[in-house]
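Here are some notes on the fold, set out as numbered points. Please read them with the structure open.

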Amino acid sequence: MSGFAIAGWGKALPERVVTSTELAERFGVDEHWVVSRCGIQERRAVDPGQTTASLAVDAGRAALARAGLTGADIAHLIVATATPEQPSPATSAFVHHDLGIAGGAMDVNSECAGFVYGLVAAMGILRMDRRPILLIGSDTHTLTANPADRDLSILVGDGAAAVVLVPGPEDPVLAWNLGADGSCADALKVQAGGSRMPTTPETVAQGLHFAQIKGNEIYLNAVRYTVRTVRETLESAKVAPAEVDHVIPHQANIRIINSVMQHSGLRPESLITNLDRYGNTASASIPLALTEALEADRIRAGELVLLAGFGAGMTWGSVLMRWGGAT
C-alpha cells in the first residue's frame, strides 16, 4: 500500500501579458527573430504586489478545492521555486500560513527541475506518512531578469501550478531519475545576495542581483542531460519511447524541446507544450502544462505520461507515470 493519486490540480497566472511584439520594440529587434529564437509569442509578468508566494497560494488553493480538501488536511507542503519570497524564511512558510496548512513545509530549489525533484520527494514522504501532500511550483523570474538583458527577458515568464497527492492503492510511477552536475553552476546564476557574495551597494550597481545566463552552454547541456534522464527512466521502466502517450517537458525554449524529442525518439504528437503562451516559467512550467492538459481532458486513465525537466545547477530529472495507476 505505497501508491498515490493526484487528486487535485490548479494554476495561477498573472493577468499582465507581455507580447513578443512589445519586447521586440523594446530591444529594437524583429518580432520574428524573438519568436523563431525561442518559440514564445507572449508571457505573463507579475504586477506590483504579486509575488512567488502569492501565486503559489492561488495555485495551491485551486488544487485543494479540486481535491475537496483544505489546508487542514495537508500533512506536508512542498514549494519548488528558484525565486523565493525572500532569502529567509522559506517561501513555503508564507504559503503555509496563508493556506492554513496543518503539517510541515519546505522549499525545493532545483531551478526548472524543481517540480520533478519535489514530486520525487513527495513520493518518498508518502511512503512514510500516508497523508495528503500539496506540491507547488511557483516562480517569478521576470523579477530576476535584468530589464536590459534581451536574451533572458524574451525567455522568462511568471506563474504557478500545484497538485495534491493523496494515498492510493496503486503506484502510478513506473520509474524516475534525478541527476545533477555542479560543474555547470556558472552557466545560469544570480551571483549576489547569498553568503558567497552578500548584497552591497557595489553588487547592486553592477547588476549582480540579476540572473546571468550563458545561453549556448545551457542549450547544449539541457539537451544532453534531458535526453539522458529520459532514456534512463524509460529503460528502467522497460518502456519504448514510442509507447509514451504524453510528454510534458520543462517549457524552456522550443529549440531545446524539439531537440530533446528528436534525440530521445519520442513521438512529436505526444508533446504537450504551452510555451508559446507563457514562456519559461521555471519550476511552474511542468505542472502548468500538466494542469492545462488535465483541464482539457487530454490525459486519460491508463495513459503513459512522462515529465522531464532540467535547470540551473545543473539539475535534471524525469518521472514516468501511468495516469490513474496500473491498469
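1. A term first: a helix crossing is left-handed if the near helix is turned anticlockwise from the far one by less than a right angle, and right-handed if clockwise. By that rule, α3 and α4 cross in the right-handed sense. The model is a predicted one.

2. The helices in question are α3 and α4 (residues 91-99), whose axes come within 9 Å and cross at roughly 45°. Angles under 35 degrees count as roughly parallel and 65 to 115 as roughly perpendicular, so α3 is oblique to α4. On the α3 side the contact is made by T52, A53, A56, V57, G60, R61 and L64. On the α4 side the residues are T91, F94, V95, D98 and L99.

3. Next, the sheet. It is open, has 5 strands in the order β1-β7-β6-β4-β5, and its pairing is mixed. The edges are β1 (3-12) and β5 (104-108), each of which pairs on one side only. From one strand to the next the twist averages 20°.

4. At the β1 edge, the partner is β7 (residues 158-168); these two strands pair in the antiparallel sense over 9 bridges. Within this pairing, A12 stands opposite A160 of β7. In general, strands of a sheet pair through backbone hydrogen bonds, either parallel or antiparallel.

5. Which strands does α3 touch where it packs on the sheet? Helix α3 (residues 52-67) touches β1, β6 (133-140) and β7, and its direction makes about 130° with that of β1. Helix α11 (residues 285-295) also packs on the sheet, touching β1 and β7, with its direction at about 95° to that of β1. The helix α3 therefore has contacts both with the sheet and with α4, as listed in point 2.

6. On the interior: the largest nonpolar core has 33 residues, and I248 and I299 touch the most other members. Two or more residues each come from β1, α5 (114-128), β6, β7, α11, β12 (304-311) and β13 (315-322). The largest share, 9 residues, is that of α5.

7. What does I299 touch, leaving out residues up to four places away in sequence? Its contacts are H246, I248, I272, L290, A293, L294, V305 and W323. One of these, I248, is the residue named beside I299 in point 6.

8. Apart from this core lies another, of 30 residues. Its members include V156, A237, I257 and M261.

Note on methods:
Residues are numbered from 1 along each chain as its sequence is written. This is a predicted model: local features need pLDDT of at least 70, side-chain atom pairs count only at pLDDT 80 or more; totals for chains, interfaces and linings use all residues. Side-chain values use heavy atoms; hydrogens and water are left out. Two strands pair if DSSP finds at least two bridges between them. Helices (H or I, at least four residues) and strands (E, at least two) are DSSP runs, numbered from the N terminus. Axes are lines fitted to C-alpha atoms, for helices over the stretch in contact, and angles run from 0 to 180 degrees between N-to-C directions. Contact means heavy atoms within 4.5 Å. A nonpolar core is a set of buried Ala, Val, Leu, Ile, Met, Phe, Trp, Tyr and Cys residues joined through side-chain atoms within 4.5 Å. Buried means under 20% relative accessible area, exposed over 50%, partly exposed in between (1.4 Å probe, protein chains only). Angles under 35 degrees count as roughly parallel, over 145 as roughly antiparallel, 65 to 115 as roughly perpendicular and the rest as oblique.
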